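Below is a briefing on how two chains meet, how one of them is divided, and how two of its helices pack. Please look at the structure before reading on.

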Protein chains: 2
Amino acid sequence: MRHCPGFSLLKAKRKQNTPKPGKPPLTLRVAIAQINTTVGDFKANAAKVRSSLKDARRMEADIVLFPELTLTGYPPEDLLLKSAFIEKNLDTLDQLTPHTQGLIALIGFAEPADGALYNAAAVLADGCNLGSYRKMRLPNYGVFDEKRYFREGDSPARLFYRGRHIGLSVCEDIWDSEGPSRSLHREGPLDLLLNISSSPYHKGKWKDRELMIRTRASELGAPVVYANLVGGQDELVFDGHSLVVLPDGTVLARGGGFVEDMIYADVPLPKKPAGKKPAPKAGPRVKTFRIAAPKTPKAKKPLPARAFSLPGEMEEVYQALVLGTRDYMQKNGFEKGVIGLSGGVDSALTAKIGCDAIGPENIVGVLMPSPYSSLGSIEDSLELANRLGIRTLTLPIEEAMHAYDHILAGAFEGTAPGVAEENLQARIRGNLLMALSNKMGWLVLTTGNKSEYSVGYCTLYGDMAGGFAVLKDVPKTWVYDLCRFVNERAGKEVIPENVLTKEPSAELRPDQKDSDSLPPYPLLDRVLSRYVEADHGLGQLSGLGLPAAEVRHIVQRVDANEYKRRQSPPGIKITPKSFGRDRRLPITNHFKG
Amino acid sequence: MRHCPGFSLLKAKRKQNTPKPGKPPLTLRVAIAQINTTVGDFKANAAKVRSSLKDARRMEADIVLFPELTLTGYPPEDLLLKSAFIEKNLDTLDQLTPHTQGLIALIGFAEPADGALYNAAAVLADGCNLGSYRKMRLPNYGVFDEKRYFREGDSPARLFYRGRHIGLSVCEDIWDSEGPSRSLHREGPLDLLLNISSSPYHKGKWKDRELMIRTRASELGAPVVYANLVGGQDELVFDGHSLVVLPDGTVLARGGGFVEDMIYADVPLPKKPAGKKPAPKAGPRVKTFRIAAPKTPKAKKPLPARAFSLPGEMEEVYQALVLGTRDYMQKNGFEKGVIGLSGGVDSALTAKIGCDAIGPENIVGVLMPSPYSSLGSIEDSLELANRLGIRTLTLPIEEAMHAYDHILAGAFEGTAPGVAEENLQARIRGNLLMALSNKMGWLVLTTGNKSEYSVGYCTLYGDMAGGFAVLKDVPKTWVYDLCRFVNERAGKEVIPENVLTKEPSAELRPDQKDSDSLPPYPLLDRVLSRYVEADHGLGQLSGLGLPAAEVRHIVQRVDANEYKRRQSPPGIKITPKSFGRDRRLPITNHFKG
């Protein structure tokens, strides 16, 4: 790392560090680089940082913030255990440092020290690396495993710049009102709090986040600048929605949702600069980075005004699904996707999301009718494909069904057709899609929804087969809501009304309906959201419109199908608790409810 | 919880607690209940505890130890987030307490307090619950996520019984020489240290554990009694191998490996009782449980001598595979297993393990020849089945291959046969096995080994299909070693020599050999163990007998096949780092090596 003679890392308590500011500014121009990084792609991530730094300089920003773990991407998971990975991240930071001339930049990286690793924000200023702030609150719940990798930092930190005290924090730090920002505040009020985050999406989370940040700004009596990551990484989507919030709760600036963005704001600071006489009390020692002011701070061109609009409920979910699908495909090198079209609502929505993610010209719909498929299903699928403008293939599966029947005739002799035969149909379809994937390099986009995955109303290696399960965390009732949103937004029936109104069926035997096996979806989803997402016990699941025996049966099915979910493709986290790394239950489990 | 007037939880520093012993005993009789618990099965786990308590009383033990988290089973994962689960575990503890008359028992449970949860050892004595010791070191690496659930305890604890100071610890606590036992020691030497553990198996781990325990006994100058769990839980096997170790390193008693066991030992204590004048220094406060001595300690019948033998390297791995398979099947309610027999070494070993796990009468071998199958493969499979005494089914797949060819003829027009067609064969076989599973309720035991899973030399939904992947963490070279062990142990060719000596082939096209696609397995495994298990970077993988380009290619294949492994069945952890919860890499990952 480069260290610079003109700057030094000093402890707040030392007298010689007492700041001697000029005339403190009434605003600071802050930039948030809400970029879409890729885990492990140091070169591409660094290129985005360089380009954002250049833009921030052009826009005369004082400070520019990047997302948490900017350089490695987030979450890097066990890549953090590889020393070569850590080295590469340090090299990248060194290479970026000279590009910060004329700016103060906060860049997230993984910092090894004292035999441990820290989730750190590098403080770079005017081409020099001044040191780092190390995240003090490490989340280790839900999808987070940060204590697996990192040690907690032990020093809150602030910048002292042009007579202003500016607190630093990383993601989780700011969620705790008794966290590091409070420790900073105790040493003298802050003029501004900065936070760099990689905060993953679930429905409505941006609202919780905004409320929390407004609360923090009000508690501290200082504006808060919050930079969030944007983009998809395996099962997670980061929604952006970066923020600049004033102490009175006003949102001064907001980053776009689900898009890369450069956000600029002239942040008004308290008239009377804070912290001129820090009064250290008991608590952790505060690191202070003293940063020289520009010799003659020049008047800046005013920032252009910018509007922001907030998404509706289903719009937000839809955008998350599109971004998560696009990024999974692009970051993993898939140009085209293939989807089995059943004529049902799940495959219709998946196809539409695929089109919005990578373009209808890159989506292939495959119809795989069996003798049990209704004419309506085929017609509805073709009509959907026509409206979406996607190519279709039709591969009837009857011949393969017969082949399996013959092969298994002896082994199955004397048994009545049942689940085994139904699953074979689903698996033939899974095989055909995978064969197309293997031959053409297309990614199979799987169509199952969360309600099905929850109760195991899906076939392992059959309709569960594929590379990415777009709707894996979307309850069936939301699938309908999303389809309606798509049609409303387009002002026309992109998804044919017939698909939305017919009774759901897997069509694996004559006249089969989902309702033969499952309660109505609105009732089912109500039980599932409480059991799966809120960890309610059987005793807390009454009064939801279903008899106790039926609730018990649902719970039993959820538990018994853990083994299927364990082999499911990744899919996008949409709810507060998704299957996968978020909800970690044993397969072998004798606990009932 | 029951609290008893005659016993109280006292702080060591208070004067009134100064022990007033009678004549301290020169030995204590300790029992270790090395039981096989089931996650969430409070009723069955409690029954095992009751029966062990009864046995310990019959054998006149003073103290009996149970494994860590005795009541919940280990690891309960996110079941710990369900309040109904925690309640049930507390109720179970209350129900067990009266069964401890005449004994001191350490029973592991999850203890909620102060809005947090602790991984605790209940101290039960003579029918009363005296309180708990709360684990202070929580592992959060490898397969462990304890910081996700638990808060660290803040007080070391000891028993004061018949003038003796007996330290308490839970699993990880004892691995750290600066851990809680050291804190206890600082307050005055211990006479004995107890540890309750659920320490999962990997090859040779029992040796590391034994070395660690001997070191700890020597450092403390006190005997150590170490109780470990036994049994399989999803991907983990707990190997037992409980221990009683004296300060000079002598192993006084050892629990069997991979079996339930009651271990008794008359543990000689230091002649001069320790800790009579505890000298508290700086450090955490120590909890002391004062336990009344029996009124007239009677002379005990001597314990019968017992021998123990230590397993050879491959014997140990083999036993782990058998126990892991048996417990996965039995705890999940499968009576029979089905295995695709290819004539190769992996399916032969899997079948043999299945036989030893649940009996040859419960294993069905399925031959699924294609036109590319050699006559030898069929003959070898039938010969193997004959030697194992298992039933076979023969289901030729050619008709299904033709059906897929016809269905896909249009879509595949103009392309040359390749991986897509090869994978279809594997998937037809996967489908047939799953159809048998669905129809008959048999568990499909998958046959792939770790070398294949590492480089993706396996077909998703094809040979990877199944409920339990027995050899998932066994490198190919060990597969051979295990087969030879099986034959040596039996003193005959249980696995036909021809299976062991022929060249490995997937037989998915004419004259295909594994060596067309992969380096020789001994060289491959050497690279894999360093890259996958030791996180070595590309720069550290030279000098292993393979050219750099080939090493790079292997590493690239390991990285690129993360998506396949994410959808693989669970399998038994055998190496220091298995795929699954142990090695958590992102699928979307641009880091090279």
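The points below cover the chain contact, the symmetry, the domains and one helix pair.

This is a predicted model, in which local features need pLDDT of at least 70, side-chain atom pairs count only at pLDDT 80 or more, and totals for chains, interfaces and linings use all residues. Residues are numbered from 1 along each chain as its sequence is written, while chains are lettered from A and ligands numbered from 1 in the order in which they are written.

**Contact between chains**

- Chain B gives 69 residues to the contact and chain A gives 68 residues, where two residues are in contact if their C-beta atoms, placed from the backbone, lie within 7 Å.
- On the side of chain B that touches chain A, the elements giving two or more residues include α2 (83-96), α6 (313-331) and α10 (419-440) of chain B; helices (H or I, at least four residues) and strands (E, at least two) are DSSP runs, numbered from the N terminus.
- α10(B) supplies the largest share of that side, with 13 residues.
- The side of chain B that touches chain A has 34 nonpolar, 20 polar and 15 charged residues (Ala, Val, Leu, Ile, Met, Phe, Trp, Tyr, Cys and Pro count as nonpolar, Asp, Glu, Lys and Arg as charged, and the others, Gly among them, as polar).

**Symmetry**

- A turn of 180° and a shift of 0.0 Å along the axis lay chain B on chain A with an RMSD of 0.0 Å, with least-squares superposition on the C-alpha atoms of residues with pLDDT of at least 70 in both copies.
- The two copies are therefore related as by a two-fold rotation axis.
- In chain B, the C-alpha nearest the axis belongs to Gln567(B), 2.1 Å from it.
- Both copies use the same surface, since 99% of the contact residues of chain B recur in chain A.

**Domains of chain A**

- Chain A is divided into domain 1 (27-291) and domain 2 (313-514), with bounds from an automatic or database domain assignment.
- The C-alpha centres of these domains of chain A lie 41 Å apart.
- Domain 1 and domain 2 of chain A each put 9 residues into their contact.
- On the domain 1 side, β11 (230-233) and β12 (236-239) of chain A each supply at least two residues.

**Helices α9 and α10 of chain A**

- The axes of α9 (residues 398-412) and α10 (residues 419-440) of chain A come within 10 Å and cross at roughly 130°; axes are lines fitted to C-alpha atoms, for helices over the stretch in contact, and angles run from 0 to 180 degrees between N-to-C directions.
- α9(A) is therefore oblique to α10(A) (angles under 35 degrees count as roughly parallel, over 145 as roughly antiparallel, 65 to 115 as roughly perpendicular and the rest as oblique).
- Ala400(A), Met401(A) and Tyr404(A) of α9(A) meet Leu424(A), Gln425(A) and Ile428(A) of α10(A).
- By class, this contact of α9(A) with α10(A) has 5 nonpolar, 1 polar and no charged residues.
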